[in-house]
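Please take the sequence and the coordinates together, and follow the chain from one loop into the elements that surround it.

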Amino acid sequence: MFLEPHFKGQRSGWIEVICGSMFSGKTEELIRRIKRARFANQEVAIFKPSVDRRYHRQKVVSHDENEIMSRPIQESEAMLTVSEDIDVVGIDEGQFFDQHLPEVCQELALRGTRVIVAGLDMDFRGKPFGPMPDLLAVAEYITKVHAICPHCGNLATHSYRLSADESTVVLGEKDLYEPRCRACYQMGNILDLKKHADVPTDSSAQDQSGFLFEE
Ligand SMILES: [Zn+2]
């Protein structure tokens, strides 16, 4: 489990990245860290790319009732307008932000802000996703979380797309994707999906967003 670094004297900023496949619990981990910061009376701002309209325009509640308010923004630079009083900036679905995200995070960290970004490290093709690889390179702390492969029970690192839609930005509907380990991902649609239809996919480890939009 990630434990926040101790700091003495003047606060200095840093970048944490929580990455992994779909259904790996990235958002839950982000929420956990943010709730701990809030409990310590730290000022928190949470952002999400406005492209993520998975659940509802303004209001989203995850199935496990783990929820928190977030602000949808179009461009990552919008985060630089946050007040200097903000101690922690949380960012969900980092992969959908533009390529300026790493520099924006670094700018915030230089100001003394703790920046926590959750996002998919790979898209459904198994390729590094959007600004995430650059962000991983400059982050102080990286936590890679895993789902469980429903076919073999090994750790799942890949997000396998069950639909034929070729657009990368098909947002995370759970019936469109399943987490797979490297070997099962490579097998593609050879795997008999029906055979596994009774595998419960509704566990709390799912990466359903627990964020509420603020307008
Ligand atoms: Zn597998």
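In this predicted model, Glu93 sits in the loop that runs between β4 and α2. Its phi is positive, about 55°, although Glu93 is not a glycine. Most residues other than glycine have a negative phi. Is Glu93 buried or exposed? Glu93 is buried, because 27 other C-beta atoms lie within 10 Å and 20 or more are enough for a residue to count as buried. The loop between β4 and α2 also holds Gln99, which, with 10 other C-beta atoms within 10 Å, is exposed. Although Gln99 and Gly130 are 31 residues apart in sequence, their C-alpha atoms are 6.9 Å apart in space.

Beyond this loop comes helix α2, which covers residues 101-110 and in which Leu101, Pro102, Val104, Cys105, Leu108 and Ala109 are buried. Viewed down the axis of α2, these buried residues fall within an arc of 165°, so they line one face of the helix. Among the elements that cover the buried residues of α2 are the strands β1 (14-20), β4 (88-91) and β5 (114-120), together with helix α3 (132-138). After α2 the chain comes to Gly112, which has a positive phi near 105°.

The next element to consider is β5, and here the burial extends to seven of its seven residues. Which residues of β5 lie on each of its two sides? Arg114, Ile116, Ala118 and Leu120 are on one side, while Val115, Val117 and Gly119 are on the other, and both faces of the strand are covered. The strand pairs with β1 in the parallel sense over seven bridges, and it also pairs with β4, again in the parallel sense, over four bridges. Ile116 of β5 takes part in both pairings, being the bridge partner of Glu16 and also the bridge partner of Gly90. Taken in order along the chain, β4, α2 and β5 make a right-handed β-α-β unit.

From β1 the chain passes through a loop to α1 (26-39), and Phe23 lies in that loop. Like Glu93, which has a positive phi of about 55°, Phe23 is a residue other than glycine with a positive phi, in this case near 65°. Phe23 counts as buried because it has 24 C-beta neighbours inside 10 Å. In α1 itself, the buried residues are Lys26, Thr27, Glu28, Glu29, Leu30, Ile31, Arg33 and Ile34, and these pack against β1, β2 (44-49), β3 (68-73), β4, β5 and β6 (141-145). The length of this helix can be checked directly: at 1.5 Å a residue, the 14 residues of α1 should span 20 Å, and its end C-alpha atoms are indeed 20 Å apart, which agrees. Just after α1, Asn41 takes a positive phi of about 65°.

Further along the chain, Arg182 belongs to helix α4, which is made up of residues 182-187. Arg182 counts as partly exposed because it has 13 C-beta neighbours inside 10 Å. Leaving aside residues up to four places away in sequence, Arg182 touches Thr157 and His158. Between Arg182 and Cys149, which are 33 residues apart in sequence, the C-alpha to C-alpha distance is 9.2 Å.

These details can now be set against the chain as a whole, which has four helices and eleven strands. Of its 215 residues, 40% count as buried. Among contacts between residues at least 6 apart in sequence, 80% join residues at least 24 apart.

A last point concerns how far the model can be read. The average pLDDT of the protein chain is 83, and 74% of the residues score at least 70. Over residues 55-63, however, the pLDDT is below 50, and this stretch has 17 contacts in the model beyond near neighbours in sequence. The pLDDT is also below 50 over residues 201-208, a stretch with 16 contacts beyond near neighbours in sequence. Where pLDDT is low, the predicted coordinates should not be read in detail.

Methods: Residues are numbered from 1 along each chain as its sequence is written. This is a predicted model: local features need pLDDT of at least 70, side-chain atom pairs count only at pLDDT 80 or more; totals for chains, interfaces and linings use all residues. A residue is buried if 20 or more other C-beta atoms lie within 10 Å of its own, exposed if 12 or fewer, and partly exposed in between; C-beta atoms are placed from the backbone. The arc is that of the directions from the helix axis to the C-beta atoms. Two residues are in contact if their C-beta atoms, placed from the backbone, lie within 7 Å. pLDDT is the predictor's confidence in each residue, from 0 to 100. Two strands pair if DSSP finds at least two bridges between them. A crossover is right-handed if, with the strands pointing away from the viewer, the path from the first strand over the helix to the second runs clockwise. The expected span of a helix is 1.5 Å times one less than its number of residues.
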